[in-house]
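Please walk through the fold below, starting with a sheet and ending with a pair of helices.

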Amino acid sequence: MKIIMLGAPGAGKGTQAKKIAEKYGIPHISTGDIFRANIKNGTELGKKAKTYMDQGALVPDELVVDLVVDRVGQEDAKNGYVLDGFPRTIPQAEALDKALAAINDKVDYAINVEVPDENIINRMSGRRACVDCGGTYHIKYNPTKVEGVCDACGGKLILRDDDKPETVKNRLSVYHEQTQPLIDYYSKQGILKEVDGTVDMEEVFNAITAILG
Ligand code: AP5
């Protein structure tokens, strides 16, 4: 099962993608997580990506596409994967389709998690991310057992640099301009599924599993 998660920044793509990956036994591939790991490790890719991410801009397509095409070709992705944060532009979607078509394959579902902009800023300011494992929480909607400490690995929780309100506003406008057109792109392919992302996390997940079976 090959799944793409669509939705605005903070819509809950990562939250749902992790649950999907666990239930269906497929890898969760998040380009945001890949970039953050590279930043943490001080790689050249990380240094380049950081300059864009800090401003809420997209990392250029040429730094993303090969990385993802290579990742989905790995052994653990043979039976499927859930892509979170990719594609984010029409050229990225076309590049993925082309790479999959070359091996007689295709995306099965594009799930759009719908959350209006008004809800996003509030969600982002309450999000906390683990510096070690990338686990994501929310101070109100998904709190950790011990404040400031990751439930999964005991790592320290921080507010992501790009979750500050000014950067979130920019990320939202970048989303509407460059990523929202993908809704139409996948609708035309007949694989778009829409879920309401404003309800409780479990309810969102139930709606998704009703689609995936
Ligand atoms: P990335 O990490 O992909 O960020 P994003 O798409 O902006 O998405 P987020 O991770 O911010 O949000 P999410 O939808 O996963 O929400 P979450 O589940 O955490 O990308 C970061 C940057 O990297 C980009 O800006 C760009 O620069 C670069 N980049 C990445 N991929 C790229 C690409 N392909 N091309 C170019 N550049 C790329 O939930 C948010 C919060 O809400 C959490 O606190 C969560 O606990 C809470 N929450 C979730 N669901 C609910 C719910 N139902 N009710 C209440 N709270 C909820």
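Two strands pair if DSSP finds at least two bridges between them. Keep that rule in mind for what follows. The model is a predicted one.

Start with the sheet. It is open and has three strands, in the order β6-β5-β7. The pairing is antiparallel. Strands β6 (136–138) and β7 (157–158) form the edges, and each pairs on one side only. Strand β5 covers residues 127–130. Two bridges join β5 to β7, and these strands run antiparallel. Within β7, leucine 157 is the residue that stands opposite cysteine 130.

Now add a helix. Helix α6 packs on the sheet, where it touches β5 and β6. The direction of α6 makes about 40° with that of β5.

Helix α6, residues 117–126, also packs with helix α7, residues 165–179. How is such a pair described? Two packed helices are described by the angle between their axes and the distance between the axes. For α6 and α7 the angle is about 140°, and the axes lie 10 Å apart. Angles over 145 degrees would count as roughly antiparallel. The two helices are therefore oblique to each other. Their crossing is right-handed.

Which residues make the contact? From α6 come Asp117, Ile120, Ile121 and Met124. From α7 come Pro165, Val168, Lys169, Arg171, Leu172 and His176. By class, the contact of α6 with α7 has six nonpolar residues, three charged and one polar.

Methods
Residues numbered from 1 in each chain as written. Predicted model: local features only at pLDDT ≥ 70, side-chain atom pairs only at ≥ 80, totals over all residues. Heavy atoms only, no water. Axes fitted to C-alpha atoms, helices over the stretch in contact; angles between N-to-C directions. Helix = DSSP H or I, 4+ residues; strand = E, 2+ residues; numbered from the N terminus. Parallel < 35°, antiparallel > 145°, perpendicular 65-115°, else oblique. Left-handed = near helix turned anticlockwise from the far one by under 90°. Contact = heavy atoms within 4.5 Å. Nonpolar A, V, L, I, M, F, W, Y, C, P; charged D, E, K, R; others polar.
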